[in-house]
Amino acid sequence: MSKATTNKTKRRRNPTRKLTVDVRAFLDSAGVTKNVKEFHKTETIFSQGDAAKSVMYVQEGGVKLSVVNEGGKEAVVAILGPGDFFGEGCLAGQSVRMGRATAVAPSTVLVIDKKAMMLGLHREHAFSDLFVAYLLARNIRYEEDLVNQLFNSSEKRLARILLLLAHFGKDGVPETVIPRISQETLAEMVGTTRSRVSSFMNKFRKLGFIKYNGVLQVNTSLLSVVLHD
């Protein structure tokens, strides 16, 4: 099997891969107007109920998507990193933001006007194909998240979230969790208490599944927690 064929096979086996193309180059070639915005850690990018007029693309840093109920309780929907789009609901007729987006680290975000994004997708078929593939892959991820939330224990849910945040599976090597996520945020994502997250994290560390060296490093051995019945 040729090297090129092997690479294609690897790409097909990784349906959750992010867009690896130069998004700005595609948008430039399509003549799309866009803005680059910088956000500080904890700064709100948009709030629940804001008018939905643009699609956003994370260039650097990280973004937390969450929903707040009438009682003020927040549920974390996703943590996004470089290569992720968000706010694309406006392309499907969503007039207001259904949740809140917050920077969880110093972040650089490409803001693309709704009409400009639609024009770019129309003009650049290769970009359109990749964008659709990205959305389908993320939809699969959300379905997996729902199954995980319904049927797995808090410990398994935490292990899976850590593996996803570390982009487990890329080249088969452990990676640093970027951006840094507080235990409070992890507890919101898992659907449990901060004290339980702390207990699980200490257990993972003692077993060698994770390491603290100024940053959090996740080892592939953590997968055994997810696969264990």
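The exercises below walk through a predicted model of one protein chain, each with a worked solution.

Residues are numbered from 1 along each chain as its sequence is written. Local features need pLDDT of at least 70, side-chain atom pairs count only at pLDDT 80 or more, totals for chains, interfaces and linings use all residues, and side-chain values use heavy atoms, with hydrogens and water left out.

**Exercise 1. The chain as a whole**

State how many helices and strands the protein chain has, and what share of its residues is buried.

Solution.
- Step 1: Count the elements. The chain has eight helices and ten strands. Helices (H or I, at least four residues) and strands (E, at least two) are DSSP runs, numbered from the N terminus.
- Step 2: Take the burial. Of 229 residues, 41% count as buried. Buried means under 20% relative accessible area, exposed over 50%, partly exposed in between (1.4 Å probe, protein chains only).
- Step 3: Look at the contacts. Among those between residues at least 6 apart in sequence, 72% join residues at least 24 apart. Contact means heavy atoms within 4.5 Å.

**Exercise 2. The two sides of α3**

Find which residues of α3 are buried, and what they pack against.

Solution.
- Step 1: List the buried residues. They are Ala116, Met117, Gly120 and Leu121.
- Step 2: Place them around the axis. They cover an arc of only 135°, so they lie on the same side of α3. The arc is that of the directions from the helix axis to the C-beta atoms.
- Step 3: Turn to the face away from the buried side. Lys115 and His122 are exposed there.
- Step 4: Name the partners. The buried residues pack against β3 (54–60), β6 (85–86), β8 (107–113) and α4.
- Step 5: Check the start of the helix. A side-chain oxygen of Asp113 comes within 3.1 Å of the backbone nitrogen of Lys115.

**Exercise 3. α3 against α4**

Work out how α3 is oriented relative to α4, and which residues make the contact.

Solution.
- Step 1: Take the geometry. Helix α3 (residues 114–123) and helix α4 (residues 125–151) pack at about 110°, and their axes are 5 Å apart. Axes are lines fitted to C-alpha atoms, for helices over the stretch in contact, and angles run from 0 to 180 degrees between N-to-C directions.
- Step 2: Classify the angle. α3 is therefore roughly perpendicular to α4. Angles under 35 degrees count as roughly parallel, over 145 as roughly antiparallel, 65 to 115 as roughly perpendicular and the rest as oblique.
- Step 3: List the contact. α3 supplies Met117, Gly120, Leu121, His122 and Arg123, while α4 supplies His125, Phe127, Ser128 and Phe131.
- Step 4: Sort by class. The contact has four nonpolar, four polar and one charged residues. Ala, Val, Leu, Ile, Met, Phe, Trp, Tyr, Cys and Pro count as nonpolar, Asp, Glu, Lys and Arg as charged, and the others, Gly among them, as polar.

**Exercise 4. α6 and its neighbours**

Describe how α6 is covered and how it meets α7.

Solution.
- Step 1: Assess the cover. In helix α6 (residues 183–190), six of eight residues are buried. They are Gln183, Thr185, Leu186, Ala187, Met189 and Val190.
- Step 2: Name what they pack against. The partners are β4 (63–68), β5 (74–80), α4, α5 (154–165) and α7 (194–206).
- Step 3: Take the crossing. The axes of α6 and α7 come within 8 Å and cross at roughly 105°. The two helices are therefore roughly perpendicular to each other.
- Step 4: List the contact. Gln183, Glu184, Leu186 and Ala187 of α6 meet Arg194, Val197, Ser198 and Met201 of α7. By class, that is four nonpolar, two polar and two charged residues.
- Step 5: Step past the helix. Just after α6, Gly191 has a positive phi of about 85°.

**Exercise 5. Two buried helix residues**

Identify what Asp145 and Phe200 each touch beyond four places in sequence.

Solution.
- Step 1: Place Asp145. It sits in helix α4. It counts as buried because its relative accessibility is 18%.
- Step 2: Find its partners. Asp145 touches Arg160 and Leu164. Its side chain makes a polar contact with the side chain of Arg160 (2.5 Å). A polar contact is a pair of N or O atoms within 3.5 Å; within protein, one must be able to donate a hydrogen and the other to accept it, and residues adjacent in sequence count only if both atoms are side-chain atoms.
- Step 3: Move to Phe200. It lies in helix α7 and is buried, at 11% relative accessibility.
- Step 4: Find its partners. Phe200 is in contact with Ser154, Glu155 and Leu158.
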